[in-house]
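Hello,

Here is the structure I promised to pass on to you. Please have a look at it first, and then read my notes underneath.

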Amino acid sequence: MCYVGQRMDFWTGVFVLFAAWPAALSVTRYSIPEEMERGSVVANLAADLGLEPGSLAQREVKLDIFHHKKYLDFNKKTGELLIVETMDREYLCPSKPVSCLLKLDVIIESPLRIFNIELEITDINDNAPHFRRDRVELDVSESATPGERFSLPNAVDPDVGINTIKTYRLSPTQHFTIEIQTGTDGSQYVDLVLTRSLDREEIAVHNLILTALDGGNPVRSGTANIIVRVQDTNDNPPRFDKQIYTVNMTENSPIGTAVIKLNATDLDDGPNSELVYSFTLYTSEKTQDVFLMKPNTGEITVKGTIDYEDMKFYEMHIEARDNGMYPLLGQCKVVVHVTDMNDNYPEITLQSVKNTLNEDVPVGTVIALVAISDRDTGDNGKVNLFIHDSIPFVLNKSSDRPMHYKLIVSEPLDRESVPDYDITLVARDSGRPPLSDNETITVHLLDVNDNVPHFPESFYTIRVMENNAPGALLSSLSAFDPDLHENQYLVYFILEKEIANTSMSMLFSINPENGNLYALKTFDYEMEKEFLFHIEARDSGSPPLSSNVTVHIIIVDQNDNAPVIVSPWRAHGSVVEEKIPRSTDKGSLVAKVIALDVDSVHNSRVTYQFLQVTDASLFSLDQYNGEIRTMRMFSYKDSRHQRLVVVAKDNGEPALSATVTIKLSTVETAVKPYSDMTEVPLEYDIFSDLNLYLVIGLGSVSFLLLITILVTIVLKCQKVKPSKAAPPCRNSVISERNSTIADSTLVSNDAYWYSLFLAETRKGKLVVRQPMPKGSRYIVSSIPRSTGVSETSDSAPSTLQLDC
């Protein structure tokens, strides 16, 4: 036997064991309760074993305990067995034997003796009962019948005997009780017994406490929580809060808008309480097209268009079905009342529309019948109709038919001002915000021939250069007619008028289509100065309208006539010979060259200059009046014969000219020269050749003038053919100067003036032809030669007035 914690040689132990064997046959037993405090005295071994306490140290007494832990010790002085470590019977004897013994040996070395000691450790109630699981969960169907049993775990208590578990108790409950059963080994088992039907909807979970009690004193106990979960049976149908739900919705609510969220309740649990919502067969397909039912949440949303004008309200029959094995269901009805919104535009209906009108249509003519409507209600359906722009049309409301109007003409129409009208009718309701619609009626105005042709100018002055080519375009006299089609097609023609037995249509021609005016002959400024006539433009309407315009043709002069030298007179190609006294003083007038040009004033302005002269220092020539004067007195050295070549040149471009050769011979006899201070004409031989020619020419011209005047008077006395198209207007310039002298008078007038000039010149006077401004008179001034006044001079000693 070895001591706890001491190593011994194997053979030494064997020897000691056999040597002490006789003394170890007797056993000393002690009994102590467990859990004694340290230092407690178990017994006095020295007294019980018959040993002297004082000799224990000498005899080398030792204590050998058969346990790995030292619970006891031996006091060698007093011989007492002491507790050095608290002993737990449940630890030392875990198998719960009837008696728990701790064996130990007391060894005396000298002499060797061994005493066997058994220490019985008795149980005390130091452990409370406990359950291996302090929480027990049971699932019991609510359809379980009373009397059903459910096993519960039993409690354990490491104590023994009376200190172990004696009974069980259950917390108060109306639905359960416990029954305790004892096994063959004395163990107790507990069953939970159902005493009353369960209702999960009433109590879903029963929390019970099972208590295990031992028999110790004081009594110790242990508890376990018994959680009884009542398993649901689908015995409750879904229920809605209301049987009828009423919801107000505005029309045109956006898709996805929540209408209502239904929340049916099912008192069941699990799948039996999981609900699925749906429309019943009593819900129309049209309603199902507008609303969407979410089956899992019961939320109803908008999935289509809500139109008040289509449906005023919707009825939805809803059912909620659970997911039980035998599903139950609940039903309700949802009524959606639609609130009208101003979502419909007013509508305009047109009937009997006239898209074309004559521009002379009378005021009050009906253009169209107009009807308006609006599918909305209340203020949203009240519609006002008006015309957008300010145009000559108005709306008249019908007295017997509301919302009906007549579109009529309110003012006279003029196609030339406005050919087309876009009549925009606007219908606007009284909603907030208001909605409007419009319709446009296009009215085309048909032309009526109500406009006369119009010339851009009321009086045309056309300048035509003389010597024009026949057929030359003079001008384009186009008129404008704002009408259309045949009312716009114009025809041009010249209003007939005769001048000197000559019709205007023989002088001029006009293109009837475009108004181009042409000359039919070549005009001569010296014969015809101007023409005045009318041109008429007439449209092709029915009845036709026309207007005329006055045309004034002015013949523009060209420098086509060379100057004609009329003084000094000489036969064609001959040389003028003059005689002057050799004693002529300085500055004396020896000759005067006069040339006439029948062109216009500008082209007929003649200037004079020497072309050839024998002695340039002897004579001077006035370039404007043609007077040749001596620059000094003749000397004996001067030649008796002087040859002067004078050229007369007009002012045209290019300039035309004529020349005259004058041979001057100086004589010693007294020859009366040109006098500057007297008006007595030169004393030529009245019966000279020159005078004879002048008398014959003057008589011929006078005779022709007389014949012309008589013919003109006869023609004017005849009845003039009336012209209905031409109003009283100006005649040609020829007739304006003298209504009694024909066109041919122009030719005679020039010849007359020429003869008159020659006659006056022979008398020693200068004749000037002065035109007066449209006064039907000419002034003839007779100026003495000796004055030296030019034809532009204002002085005129004598004046002859002639009516033309």
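Below are some notes on charged side chains and on one surface patch. Please keep in mind that this is a predicted model.

Let me start with the salt bridges, of which the count comes to 22. Arginine 149 is a good place to begin. Its side chain forms a salt bridge with glutamate 179, with the closest N and O atoms 2.5 Å apart. Glutamate 179 lies in strand β13 and arginine 149 in strand β10, so this pair ties together parts that are 30 residues apart in sequence. Arginine 149 also meets aspartate 191 in a salt bridge of 3.2 Å, N to O. Aspartate 191 belongs to strand β14, so here the parts tied together are 42 residues apart in sequence. Aspartate 191 is buried, at 14% relative accessible area, whereas arginine 149 is partly exposed at 38%.

Elsewhere, a network of salt bridges links Arg135, Glu137, Asp139 and Arg229.

Now for aspartate 483, in the loop between β33 and β34. What is the nearest side chain of opposite charge to this buried residue? It is arginine 415, 4.7 Å away, and aspartate 483 has no salt bridge. Arginine 415, itself buried at 7% relative accessible area, forms a salt bridge with glutamate 416 at 3.1 Å. Aspartate 483 does have a polar contact of 2.9 Å with the side chain of asparagine 451.

Finally, Phe703, Leu704, Leu706, Ile707, Leu710 and Val711 make a nonpolar surface patch of about 570 Å². Leucine 710, in helix α6, is partly exposed at 45% relative accessible area.

Best wishes

Terms used
Residues are numbered from 1 along each chain as its sequence is written. This is a predicted model: local features need pLDDT of at least 70, side-chain atom pairs count only at pLDDT 80 or more; totals for chains, interfaces and linings use all residues. Side-chain values use heavy atoms; hydrogens and water are left out. Patches are made of residues with over 30% relative accessible area and no salt bridge: like charges are joined within 9 Å, nonpolar side chains (Val, Leu, Ile, Met, Phe, Trp, Tyr) within 5 Å. Accessible areas come from the Shrake-Rupley method with a 1.4 Å probe; for residues, only the protein chains shown count as cover. A salt bridge is a side-chain nitrogen of Lys or Arg within 4 Å of a carboxyl oxygen of Asp or Glu. Helices (H or I, at least four residues) and strands (E, at least two) are DSSP runs, numbered from the N terminus. Buried means under 20% relative accessible area, exposed over 50%, partly exposed in between (1.4 Å probe, protein chains only). Lys and Arg count as positive and Asp and Glu as negative; His and the chain ends are not counted. A polar contact is a pair of N or O atoms within 3.5 Å; within protein, one must be able to donate a hydrogen and the other to accept it, and residues adjacent in sequence count only if both atoms are side-chain atoms.
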